[in-house]
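Welcome, and thank you for opening the viewer. Please load the model, turn it around a little, and then follow the stops below.

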Amino acid sequence: SAGAEWMRLCVVCGNERAERFWARQGYTETRVRRDVDTGGRINDIRVLLKALGSQTLGSYLERVPRDRPESELA
C-alpha cells in the first residue's frame with residue numbers, strides 16, 4: 001500500500017530452515033551469489049524475490065539485471 005512493487009531478501013545457502021520458510025511465504029529464487037562476505041564469513045547466498053500486486057518476476061528482472069540468474073555482477 002506504500003508503493004513497493006517487490007520484496008527482496010537473501011538467505012545463506014544451506015540454511016534449510018530459512019530456505020523452506022521463505023519459500024512458504026511465496027518468495028522465488030532469482031539467482032545464487034557466490035563468495036559473499038556476510039560479516040566476516042564467506043558464504044554463498046540465494047537471492048529471493050516476492051512480487052507484490054500485479055508485478056511479476058520478469059518485470060523485476062528487466063529493471064534489476066544484477067539479479068538475473070545468468071548475472072556475473074556482485
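Is Glu5 buried, partly exposed or exposed? Select Glu5: at 27% relative accessibility, this residue counts as partly exposed. Here buried means under 20% relative accessible area, exposed over 50%, and partly exposed in between, with a 1.4 Å probe and protein chains only.

Before moving on, a word on what is on screen. This is a predicted model, in which local features need pLDDT of at least 70, side-chain atom pairs count only at pLDDT 80 or more, and totals for chains, interfaces and linings use all residues. Residues are numbered from 1 along each chain as its sequence is written, and side-chain values use heavy atoms, with hydrogens and water left out.

**Stop 1: the whole chain**

Show the protein as a cartoon. You will find two helices and three strands, arranged along the sequence in the pattern β-α-β-β-α. Helices (H or I, at least four residues) and strands (E, at least two) are DSSP runs, numbered from the N terminus. The C-alpha trace spans about 35 × 25 × 20 Å along its principal axes.

Now switch on the surface. The protein exposes about 5200 Å², and carbon and sulfur atoms supply 47% of that area; accessible areas come from the Shrake-Rupley method with a 1.4 Å probe, and for residues only the protein chains shown count as cover. Of the 74 residues, 28% are buried.

Contacts also tell us about the fold. Among contacts with a separation of 6 or more, 52% are between residues 24 or more positions apart. Contact means heavy atoms within 4.5 Å.

**Stop 2: the strands**

Select residues 28-37 and 42-51, which are strand 2 and strand 3. They pair in the antiparallel sense over seven bridges; two strands pair if DSSP finds at least two bridges between them. Label Val32 and its bridge partner in strand 3, Arg46, then do likewise for Val36 and its partner Asn43.

Strand 2 and strand 3 form a hairpin with four residues between them. Click on Gly39 in the turn, which has a positive phi of about 80°.

Which residue has a positive phi although it is not a glycine? Go to Asp35, where phi is about 55°. Asp35 is found in strand 2 and, at 60% relative accessibility, counts as exposed.

Next add strand 1, residues 6-12. Strand 1 and strand 3 run antiparallel and are joined by seven bridges. On this side, Arg8 has Leu49 as its bridge partner in strand 3.

**Stop 3: the charges**

Colour the charged side chains. There are 13 positive and 11 negative ones, and the centres of the two sets lie 6 Å apart. Lys and Arg count as positive and Asp and Glu as negative, while His and the chain ends are not counted; the place of a charge is taken as NZ of Lys, CZ of Arg, CG of Asp or CD of Glu.

How many salt bridges does a search of the whole structure find? The search finds seven, a salt bridge being a side-chain nitrogen of Lys or Arg within 4 Å of a carboxyl oxygen of Asp or Glu.

- Return to Glu5 and add Arg63: they form a salt bridge, with the closest N and O atoms 2.7 Å apart. This pair links distant parts of the chain, since Arg63 lies in helix 2 (residues 57-63) and Glu5 in the segment before strand 1, 58 residues apart. Arg63 is exposed, with a relative accessible area of 56%.
- Select Arg34 and Asp44, a salt bridge with closest N and O atoms 3.0 Å apart. It links strand 2 to strand 3, between residues ten apart. Arg34 counts as exposed at 56%, and Asp44 as partly exposed at 25% relative accessibility.
- Select Arg20 and Glu16, whose closest N and O atoms are 4.0 Å apart in a salt bridge. Because they are four residues apart in helix 1 (residues 16-24), about one helical turn separates them.
- Finally, show Arg8, Arg66 and Asp67, which are linked in a network of salt bridges.

**Stop 4: a buried leucine**

Last, centre the view on Leu61 in helix 2. At 14% relative accessibility, Leu61 counts as buried. Leaving aside its neighbours within four places in sequence, Leu61 is in contact with Thr30, Asp67, Arg68 and Pro69. Draw a distance from Leu61 to Thr30: their C-alpha atoms are separated by 8.5 Å, and the two residues are 31 apart along the chain.
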